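Visitor: Could you take me through this model one topic at a time, with the cut-offs stated as each term comes up?

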Amino acid sequence: MKTLNKNQVVVAMSGGVDSSVAALLLKEQGMEVIGISLKTHEGEGEEESRSQTCCAARDIRDARRICQRLDIPFYPLNVKEEFQEGVIDYFASEYGEGRTPNPCVQCNDRLKFSYLLEKTKQLGAYYLATGHYVQKSRDRDGRYHLLMARDEEKDQSYFLFGLAQNQLEHLLFPVGRYLKEEVRELARGAGLETAEKPESQEICFVTSGHYVDFLERQNPALQG
């Protein structure tokens, strides 16, 4: 089994300010940082679509520019098939069954903290870091715990409830101890282009129109 390097970390780069600053902080700590972005879907009219989504082509370009500025390697990974099956199909199916799914939680479970953690280990890195607003602690018995972020208004611990102990061991959340405005200040101070970028607040794969229209295209049984 390959020995993992505890000084090496893969950062999941979304193209936003939070993951940009996560990479910045880890590099400043002297860690060997590798940036990876996931191409999850093809948006409809992506360039002209709503701006508050993530994982669009422009976000990957932003992530690449940040990695170039920080002088760290960058790798985009195409996971469209995995995302379609694990997130979009699930989203449409759950609505068809009369339930209200949370695609962000599913994406975290199926891709960000499963697929991407596996890729991290294949690269020989011990840690995977993200820009989530959450903190992690370890008790005397060696068990890991998720804690709310310092910025309670941005806390994302709820979205990560599915993480297991063997995953938490390898995860870092560098921005969890900062307020959002402090993160933006760090980005400004480092001259990062994402410092003023708006937050992602919409369903990432519904890049135009209403999500009901998207659901009807994915699952014709929902029409009418």
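Visitor: How many aromatic pairs does a search of the whole structure find?
Guide: This is a predicted model, in which local features need pLDDT of at least 70 and side-chain atom pairs count only at pLDDT 80 or more, while totals for chains, interfaces and linings use all residues. Residues are numbered from 1 along each chain as its sequence is written, and side-chain values use heavy atoms, with hydrogens and water left out. Rings of Phe, Tyr and Trp (its six-membered ring) pair if their centres lie within 6.5 Å, and planes under 30 degrees apart count as stacked, over 60 as edge-to-face and the rest as tilted. By that criterion, the number of aromatic pairs in the whole structure is three.

Visitor: Which residues do ring pairs link into a cluster?
Guide: Tyr158 and Phe159 form an edge-to-face pair, 5.5 Å centre to centre with 70° between the planes. Tyr158 and Phe161 form a tilted pair, 5.8 Å centre to centre with 40° between the planes. The cluster linked by ring pairs therefore consists of Tyr158, Phe159 and Phe161.

Visitor: Is Tyr158 buried or exposed?
Guide: Buried means under 20% relative accessible area, exposed over 50%, and partly exposed in between, with a 1.4 Å probe and protein chains only. Phe159, at 28%, is partly exposed. Tyr158 has a relative accessible area of 53%, so Tyr158 counts as exposed.

Visitor: Where is the kink in helix H3 centred?
Guide: Helices (H or I, at least four residues) and strands (E, at least two) are DSSP runs, numbered from the N terminus. The bend at a residue is the angle between axes fitted to the seven residues ending there and the seven starting there. In H3, residues 80-96, the kink is about 30° and its centre is Tyr90.

Visitor: Which helix gives the most to the largest nonpolar core?
Guide: A nonpolar core is a set of buried Ala, Val, Leu, Ile, Met, Phe, Trp, Tyr and Cys residues joined through side-chain atoms within 4.5 Å. The largest has 32 residues, and those with the most contacts inside it are Val9, Val11 and Leu26. Among the elements that give two or more residues to this core are strand S1 (5-12) and helix H1 (17-28). With seven residues, the element that gives the most is H1.

Visitor: Over which ring does the charged end of Lys6 sit?
Guide: A charge sits over a ring if NZ of Lys or CZ of Arg is within 6 Å of the ring centre and within 35 degrees of the ring normal. The charged end of Lys6 is 4.8 Å from the centre of the ring of Tyr126.
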